[in-house]
Each structure stands twice: as C-alpha cells, then as structure tokens.
Amino acid sequence: MAAAGNKTNWFAIWVSVAVVVVLVGVGGLVWWMNSAATSPGTAPESSAVESETGAIIVGDGPDEVEVWADFYCPHCQDFEDQYGPAISELVDSGDITLRLQPVALSGLNAASGTEFSARSASAMYCVAEEAGGEAAYEFMQAVFAEHPTGQGLTNELMASMAADAGAPDAAACIEDGTYSKFVQGQSQKLPANDQGQAGTPTLLVNGEYVTISGDVAADITDRLG
C-alpha cells in the first residue's frame with residue numbers, strides 16, 4: 001500500500017489541464033480576432049486587375065502612368081479635373097498603360113459617416129471584375145464628376161453608374177461592399193515621397209514618384225519615352 005504522501009492528486013491535475021485548455025482557447029480567440037482585423041479581405045479576380053499589386057489596368061501603351069486616389073478626397077477630385085483629360089487622351093492614343101489604384105483612407109472613410117471611401121473604391125473593383133479596366137475607368141470618371149461630399153453617393157446611384165459603364169450585374173457586389181476591406185488594406189501600400197510621406201492623390205510615371213505640381217506636361221507628358 002502506497003504512503004499517503006505519494007497519492008496522485010487527480011483533482012489538481014484536472015484543474016491544471018482545464019486552465020491550460022482555457023488559456024489555449026483564449027489565445028486562439030485573440031489570434032483569430034487579430035487575424036480578422038489585419039486580413040486583407042477578399043481580393044478581386046479579373047484579368048484587368050494585377051494580382052500582385054491590385055492595380056486596375058487600362059490600355060497597353062509603352063509608358064506607364066499610375067494613380068492612387070480616394071474618391072472622397074477633394075484633392076483627388078481636383079486632380080481628376082486637371083489631369084484627367086490629358087491622361088484619358090494618352091490612354092486613347094495608345095501612348096500609356098494606366099494603372100489605377102482606388103483606396104480608402106481611414107480618416108476620409110470615417111468622415112462621410114457612410115464609409116463612402118470604401119464603398120466607392122470597392123464598387124470600382126466590382127466594375128473591373130465584371131466588365132474590365134476600361135469600364136472601371138469610365139466608372140471612376142463618372143464618380144469623380146459628381147465631386148462627392150457629405151455622405152457621398154448611394155450604392156444605388158453607383159450601381160446605375162456601373163450599368164452605364166457596361167457592368168449592369170455589379171449591383172449586388174456594390175451593395176455588399178465586397179472589396180471594402182481590400183481597398184482599406186491597399187491604402188497601407190501607398191507609395192511615399194522622399195520624406196516618407198504618403199497620401200492621395202499619388203502619381204507615378206514609369207514607376208517614378210512624381211510630386212504633383214499642377215503642370216500636367218511637366219508631371220506626365222514630358223516624362224514619357
């Protein structure tokens with residue numbers, strides 16, 4: 001018969017096991033919550049969307065012009081007013097490949113109170129997925145033409161714009177905000193200037209960051225091959 005001091009304390013063992021199980025469960029929950037918060041979200045799948053970067057590709061010219069923009073950003077709206085016609089001409093003439101990067105900056109997204117930055121950028125990817133880069137570009141131009149302020153544009157209006165651009169079946173994707181998380185994640189990839197500052201609009205020509213001066217020729221056309 002074993003001595004009383006050597007008896008196995010099964011109660012203490014099972015309590016310890018239970019504590020470990022609870023801690024593992026809590027750790028798993030924290031990991032899942034952190035993963036969900038930092039997940040890039042659903043990525044669009046389209047031949048018009050570059051899988052590595054998320055850029056929407058328009059045209060196939062020898063030079064590249066890349067624009068990062070938030071639809072709710074007033075400076076982006078001004079940029080489209082001033083630079084948009086020249087960029088459009090360069091696309092139509094076959095001189096450039098246009099790379100569009102719609103993003104949703106957190107501050108601007110919250111400012112509308114309706115998550116318009118994320119909804120509109122997501123909608124642009126919905127159009128690209130259904131109808132291609134040219135349709136997405138037309139949609140972008142239509143949204144910027146409204147100079148959205150306040151609460152931004154409704155999903156219904158953007159669905160109508162999508163249909164006009166050639167993507168009549170994008171309405172459900174727009175309503176669901178399918179790519180809202182993706183476009184917010186994309187904003188973390190904004191290229192920075194020499195001082196490490198990043199914001200919208202951002203312009204790159206043939207991969208080189210361009211400080212926007214207001215001179216379309218100096219900023220774009222004079223830099224083309």
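**Entry 1: the largest cavity**

I began with the lining of the largest cavity and found that helix α2 gives the largest share of it, five residues. I note here that the model is a predicted one. I then looked up the volume of this cavity, which is about 80 Å³. In the structure I counted two cavities of 30 Å³ or more.

I listed the lining of the largest cavity as Val 67, Ala 69, Cys 76, Phe 79, Glu 80, Gly 84, Ile 87, Leu 98, Leu 100, Tyr 137, Met 140 and Phe 144. The elements that each supply two or more of these residues are β2 (63-69), α2 (74-92), β3 (96-102) and α5 (133-145). By class, I recorded ten nonpolar residues, one polar and one charged in this lining.

**Entry 2: the second largest cavity**

I turned next to the second largest cavity, which holds about 50 Å³ of space. Its lining consists of Val 67, Ala 69, Phe 71, Leu 100, Gln 101, Pro 102, Met 124, Met 140 and Phe 144. I found that β2, β3 and α5 each give two or more residues to this lining. Strand β3 provides the largest share, three residues. The classes here are eight nonpolar, one polar and no charged.

I compared the two lists and noted residues that appear in both, among them Val 67, Leu 100 and Phe 144.

**Entry 3: Arg 99**

Since β3 had come up for both cavities, I looked up one of its residues, Arg 99. Is Arg 99 buried or exposed? Arg 99 counts as buried because its relative accessible area is 9%, below the cut-off of 20%.

I then checked the side chain for partners and found a polar contact of 3.4 Å between the side chains of Arg 99 and Thr 53. With neighbours within four places in sequence set aside, I recorded contacts of Arg 99 with Glu 50, Thr 53, Ala 55, Ile 56, Ile 57, Glu 64, Val 65, Glu 66 and Val 67. One of these contacts, Val 67, I had already entered in the lining of the largest cavity.

**Entry 4: the largest pocket**

Last, I looked up the largest pocket and recorded about 200 Å³ of space in it. I found 15 residues in its lining; those nearest its centre are Ala 43, Pro 44, Ser 51, Gly 54 and Phe 182. I entered the classes for this lining as five nonpolar, six polar and four charged.

Notes:
Residues numbered from 1 in each chain as written. Predicted model: local features only at pLDDT ≥ 70, side-chain atom pairs only at ≥ 80, totals over all residues. Heavy atoms only, no water. 1 Å grid on protein atoms, 1.4 Å probe; cavity = no way out; pocket = protein on both sides within 12 Å on 5 of 7 lines; lining within 4 Å. Points joined across faces, edges and corners; volume = space filled by probe spheres on them. Helix = DSSP H or I, 4+ residues; strand = E, 2+ residues; numbered from the N terminus. Nonpolar A, V, L, I, M, F, W, Y, C, P; charged D, E, K, R; others polar. Buried < 20%, exposed > 50% of the residue type's maximum accessible area, 1.4 Å probe, protein only. Polar contact = N/O pair within 3.5 Å; in protein donor to acceptor, adjacent residues only side chain to side chain. Contact = heavy atoms within 4.5 Å.
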